[in-house]
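Work through these exercises with the sequence and the 3D view side by side. Try each task before you read its solution.

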Amino acid sequence: MDIKLNSKIYPLEAILSACYVFIDRAYIFLESDSKGKTVKVSFKGKVKLSERKLKSLRGEFMNELLHCALRYKISKNNKKIREYIIGRAIYSALPAKSGQTGDYQEDPLGIAVPWEEKYGNKAAKRK
């Protein structure tokens, strides 16, 4: 079974992603024309498949191809925001700048004081 795809509609990355999903069920062969405008995808079942099952496989492949093309487009559109988020996360994890201390043992707010040290004397006086 062969499927000819327009590479302007379906980017090569999306075609490869969709093919990867089906490598457990079929042998997949890819060919491109000399101009690179179309990609031919050929399937050969790993087990003998009836004509009906081949058509079903084709339909599943086209659905997966559409899914992969959309994911690729969204990924491409969101590239800058992802890079910003990752950059911000990495920047936030860097050590503090000179002049600022970030030692975990320092406790300027008194948060790390054990309960007994902070409230132990008050409880003993009440009794």
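## Exercise 1: The layout of the chain

The chain has 4 helices and 3 strands. The model is a predicted one.

**Task.** In what order do the elements of the chain run from the N terminus on? What percentage of the residues is buried?

**Solution.**
Step 1. Start at the N terminus and read along. The order is β-α-β-β-α-α-α.
Step 2. Turn to burial. The chain has 127 residues, and buried ones make up 19% of them.
Step 3. Look at the contacts with a separation of 6 or more. Of these, 56% join residues 24 or more positions apart.

## Exercise 2: The buried face of H1

**Task.** Which residues of helix H1 are buried, and what covers them?

**Solution.**
Step 1. Find helix H1 at residues 12-21. Its buried residues are Ala14, Ile15, Ala18 and Cys19.
Step 2. Look down the axis of H1. The buried residues fall within an arc of 135 degrees, so they line one face of the helix.
Step 3. Recall the general rule. An α-helix has 3.6 residues a turn, so residues three or four places apart point the same way.
Step 4. Now find the cover. It includes the strands E1 (2-6), E2 (26-32) and E3 (38-45). Helix H2 (51-77) is also part of the cover.

## Exercise 3: How H1 meets H2

**Task.** At what angle do H1 and H2 pack, and which residues make the contact?

**Solution.**
Step 1. Take the axes. They lie 8 Å apart, and the packing angle is about 135 degrees.
Step 2. Classify the angle. Angles over 145 degrees count as roughly antiparallel, and 65 to 115 as roughly perpendicular. The angle here is in neither range, so H1 and H2 are oblique to each other.
Step 3. Give the handedness. H1 passes H2 in a right-handed crossing.
Step 4. List the contact residues. H1 supplies Glu13, Ala14, Ile15, Ser17, Ala18, Cys19 and Val21. H2 supplies Phe61, Glu64, Leu65, Cys68, Ala69 and Tyr72.
Step 5. Sort them by class. The contact has 10 nonpolar, 1 polar and 2 charged residues.

## Exercise 4: Buried, partly exposed or exposed?

**Task.** Take Leu54, Met62, Leu70 and Glu51. Is each one buried, partly exposed or exposed?

**Solution.**
Step 1. Set the cut-offs. Buried means under 20% relative accessible area, and exposed means over 50%.
Step 2. Leu54 is in helix H2. Its relative accessibility is 17%, so Leu54 is buried.
Step 3. Met62 is found in H2 too. Its relative accessible area is 24%, so Met62 is partly exposed.
Step 4. Leu70 lies in helix H2. Its value is 52%, so Leu70 counts as exposed.
Step 5. Glu51 also has its place in H2. At 56%, Glu51 counts as exposed.

## Exercise 5: Partners along the chain and in space

**Task.** Which residues are in contact with Leu54 and with Met62, leaving aside neighbours within four places in sequence? How far apart in space are the C-alpha atoms of Leu70 and Ala14?

**Solution.**
Step 1. Leave out those sequence neighbours. Leu54 is then in contact with Met1 and Leu49.
Step 2. Do likewise for Met62. Its contacts are Ile3, Leu5 and Tyr10.
Step 3. Go to Leu70 and Ala14. They are 56 residues apart along the chain, and their C-alpha atoms are separated by 8.3 Å.
Step 4. Try another pair, Met62 and Ile15. They are 47 residues apart in sequence and 9.7 Å apart in space, C-alpha to C-alpha.
Step 5. Finish with Glu51 and Met1. They are 50 residues apart along the chain, with 9.3 Å between their C-alpha atoms.

How values were computed. Residues numbered from 1 in each chain as written. Predicted model: local features only at pLDDT ≥ 70, side-chain atom pairs only at ≥ 80, totals over all residues. Heavy atoms only, no water. Buried < 20%, exposed > 50% of the residue type's maximum accessible area, 1.4 Å probe, protein only. Helix = DSSP H or I, 4+ residues; strand = E, 2+ residues; numbered from the N terminus. Arc of directions from axis to C-beta. Contact = heavy atoms within 4.5 Å. Axes fitted to C-alpha atoms, helices over the stretch in contact; angles between N-to-C directions. Parallel < 35°, antiparallel > 145°, perpendicular 65-115°, else oblique. Left-handed = near helix turned anticlockwise from the far one by under 90°. Nonpolar A, V, L, I, M, F, W, Y, C, P; charged D, E, K, R; others polar.
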